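New notebook, new structure. I'm jotting down what I look up as I go, with the model open beside me.

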Amino acid sequence: HKFIPQFIKEYVQKQYPSAKILVTTKKDFEKSRRKKFCARIATGDYDAVVFGSDQIWNTKITGADAPLYFGKGISGRKIAYAASSGTDTVPEALRPLLGDFSALGIRETGLTQTLRHQGLPAQTVLDPVLLLTAEEWRTVEAPLPEGLEPGKYILIYTFDEQPVYDLARKIAMEENLPMVIVRWCGAHERFSDMIQLPDCGPREFLTLIDKAAVVCTSSFHGTAFSVLFGKRFYCCTPAGFGSRTNSLLEQVGLTAHRVEDLSAVAKVGACSAAEKLEPLRKASLKFLKDALESE
């Protein structure tokens, strides 16, 4: 039950007091994944296996299967593309497994440097979403939800970091813009001033970022798509987990969009990173092509 937001349980119990609540937990999904997917990967015969991306080396996420994601027991050439641990290091006990990789493409500059200092030939590459251009992503966008006008709302995309809400409210008050949040918050009073979009899918997510006047986020991918679409955006990186976002902002020269102190937020305009993204995109694609074609 701890994986279900408490307000959902309270809502169901209030509306249907005599109902029995059956919950599918994260444990059930993990059990199925381990039995079917992980076992199949470990016993397969492959020419090459590409590992990535996102936080594939974050053992808090992968848990008991962490060694598998570091290549233990997997045959064939091992290639990491945009692999991440969420921080600038990987667990010491699993680090020797990375010596078996023929190519190490890392998402964060900090982790790349850490691995290089340990004698591993790591290279920083772009997150996969950045390998496509804004024009390519726009071909799969959905229409804006009814009632929203392009360029006339603030989009909030966060994993419940309070600074993001505080910043969005500050901008909303100054610029008289409605706030849209990509989640379902129920009837909680602290979200009563926001338009909630709980059934937002990937296509709608793209559209909401692309058409927003301002994006306030704490998410790496919220930041990445804001950069791609050239948005005016503000990023409040979560404490201890800002490495991947900071790395991207430094690569494209947009550190001014990072918010560290709400009392001293500098107003930023729409960003322009296409010129800096293109050579990074070409280098990342070359890394992947070379890794796949090498003997």
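How many of the 9 residues of helix α10 are buried? I looked this up before anything else. The model I have is a predicted one, and in it 7 of the 9 residues of α10 (residues 243-251) are buried, so I'm noting this helix as mostly covered, with buried meaning under 20% relative accessible area. The buried ones are S243, R244, T245, N246, S247, L248 and L249.

Next I asked what these residues pack against. My list has two helices, α5 (109-117) and α9 (220-228), plus the strand β9 (233-235). Just past the helix I stopped at G253, which follows α10 and has a positive phi, near 70°.

**Zooming out**

I wanted the overall picture before going on. I count 295 residues in the protein, and 44% of them are buried. The secondary structure comes to 11 helices and 9 strands. I also checked contacts between residues at least 6 apart in sequence: 64% of them join residues at least 24 apart.

**The cores**

In soluble globular proteins, nonpolar side chains tend to be buried together. With that in mind I went looking for nonpolar cores. The largest has 41 residues, and L155, F225, F233 and L254 touch the most other members. Elements giving two or more residues to this core are the strands β2 (77-83), β5 (154-157) and β9, along with the helices α6, α8 (202-211), α9, α10 and α11. The largest share, 5 residues, comes from α9.

I clicked on F233 to see its neighbours. Leaving out residues up to four places away in sequence, F233 touches V215, T223, S226, V227, L249, L254, H257, V268 and C271. L249 was already in my notes as one of the buried residues of α10. Another core lies apart from the largest one; this other core has 23 residues, including I74, A83, V90 and L94.

**The pockets**

Which residues lie nearest the centre of the largest pocket? I wrote down Q55, F159, E161, P238 and R244, out of 10 lining residues. R244 is a name I had met before, among the buried residues of α10. The volume of this pocket is about 230 Å³. By class, its lining splits into 4 nonpolar, 4 polar and 2 charged residues.

The second largest pocket has a volume of about 170 Å³. I found 14 residues lining it, with A134, E135, L228, A274 and L277 nearest its centre. The classes here are 7 nonpolar, 3 polar and 4 charged. Helices α6 (134-138), α9 and α11 each supply at least two residues of that lining, and α11 gives the largest share, 4 residues.

**R281**

Having met α11 at that pocket, I picked out R281, which lies in this helix (residues 274-293). Is R281 buried or exposed? It counts as buried because its relative accessibility is 7%, and the cut-off is under 20%.

So what does the side chain of R281 reach? I found the backbone oxygen of L130 at 2.9 Å. The side chain of R281 also makes a polar contact with the side chain of E278, at 2.6 Å. Not counting residues up to four places away in sequence, R281 touches L126, L130, L131, L132, T133 and L228. L228 closes my loop for today, as one of the residues nearest the centre of the second largest pocket.

Methods: Residues numbered from 1 in each chain as written. Predicted model: local features only at pLDDT ≥ 70, side-chain atom pairs only at ≥ 80, totals over all residues. Heavy atoms only, no water. Buried < 20%, exposed > 50% of the residue type's maximum accessible area, 1.4 Å probe, protein only. Polar contact = N/O pair within 3.5 Å; in protein donor to acceptor, adjacent residues only side chain to side chain. Contact = heavy atoms within 4.5 Å. 1 Å grid on protein atoms, 1.4 Å probe; cavity = no way out; pocket = protein on both sides within 12 Å on 5 of 7 lines; lining within 4 Å. Points joined across faces, edges and corners; volume = space filled by probe spheres on them. Nonpolar A, V, L, I, M, F, W, Y, C, P; charged D, E, K, R; others polar. Core = buried A, V, L, I, M, F, W, Y, C linked by side-chain atoms within 4.5 Å.
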